Amino acid sequence: MATSPAPANPDERSLRSRLGVWIDQDLCTGDGLCTDHAPQVFVLLEDGIAYCAEDGKVFNDPGGSAELAMVPNSLETEVIDAAAECPGECIFIEFLEAPELEA
Ligand code: SF4
């Protein structure tokens, strides 16, 4: 897996994304359905639980709502579909204000 770090500047991140996503690992069944939809955003680790990832960095420390992964614009539909079909109902999407959309 790639190890490039997530952009440190939140403004820089929001310029290329308007969706953030996180998983409540306490509810995850580990079936892997989300990774079928968007393997760039959802990753199953050795503990059998799914975590979010951004630019190849997996947010598993501590995971949960403490680590919001920005969703690439090209994967928004896949992430929304994954959340809708997640059997644990534990994928949470946050809609963010992107500076370029503000007028
Ligand atoms: S689809 Fe939901 S329950 Fe299944 S592995 Fe992904 S986050 Fe966990």
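Okay, let's start with a pair of charges: Glu76 makes a salt bridge with Arg18, and their closest N and O atoms sit 3.2 Å apart. By salt bridge I mean a side-chain nitrogen of Lys or Arg within 4 Å of a carboxyl oxygen of Asp or Glu. Glu76 is in helix α3 and Arg18 is in the loop between α1 (10–15) and β1, so this pair ties together parts that are 58 residues apart in sequence. Searching the whole structure turns up 1 salt bridge, and this is the one I just described.

Before I go on: this is a predicted model, where local features need pLDDT of at least 70 and side-chain atom pairs count only at pLDDT 80 or more, while totals for chains, interfaces and linings use all residues. Numbering runs from 1 along each chain as its sequence is written, and side-chain values use heavy atoms, with hydrogens and water left out.

How covered are those two partners? Glu76 counts as buried because its relative accessibility is 11%, whereas Arg18, at 37%, counts as partly exposed. The cut-offs are under 20% relative accessible area for buried, over 50% for exposed, and partly exposed in between, with a 1.4 Å probe and protein chains only.

Now the overall layout. The protein has 3 helices and 6 strands, and along the sequence they run α-β-α-β-β-β-β-α-β. Those are DSSP runs numbered from the N terminus: H or I of at least four residues for helices, E of at least two for strands. There are 103 residues, and 40% of them count as buried. Take the contacts between residues at least 6 apart in sequence: 69% of them join residues at least 24 apart. Contact here means heavy atoms within 4.5 Å.

Next, the rings. There is 1 aromatic pair in the structure. Trp22 and Phe92 have ring centres 4.5 Å apart and planes at 20 degrees, so they count as stacked. For the record, rings of Phe, Tyr and Trp (its six-membered ring) pair if the centres lie within 6.5 Å; planes under 30 degrees apart are stacked, over 60 edge-to-face, and the rest tilted. Trp22 belongs to strand β1 (residues 19–23) and Phe92 to strand β6 (residues 91–95), so the pair links parts that are 70 residues apart in sequence. Trp22 is buried at 15% relative accessibility, and Phe92 is partly exposed at 30%.

Trp22 also leads us to Glu67, since the residues that Glu67 touches, leaving aside those up to four places away in sequence, are Val21, Trp22, Phe59, Asn60, Asp61 and Pro62. Glu67 sits in the loop between β4 (57–59) and β5 (69–71). So what is the nearest side chain of opposite charge to Glu67? That's Lys57, 5.0 Å away, and Glu67 is buried yet has no salt bridge. Its side chain does reach the backbone nitrogen of Gly63, at 2.7 Å.

Two of those neighbours, Asp61 and Pro62, are joined by a cis peptide bond, with omega about 15 degrees. Pro62 is in the loop between β4 and β5 too.

Last, some backbone oddities. Asp55, in the loop between β3 (50–54) and β4, has a positive phi near 55 degrees though it is not a glycine. Asp55 is partly exposed, with 34% relative accessible area. Glu89 has a positive phi as well, near 50 degrees; Glu89 lies in the loop between α3 (76–85) and β6, and at 65% relative accessibility it counts as exposed.

Conventions:
Lys and Arg count as positive and Asp and Glu as negative; His and the chain ends are not counted. A polar contact is a pair of N or O atoms within 3.5 Å; within protein, one must be able to donate a hydrogen and the other to accept it, and residues adjacent in sequence count only if both atoms are side-chain atoms.
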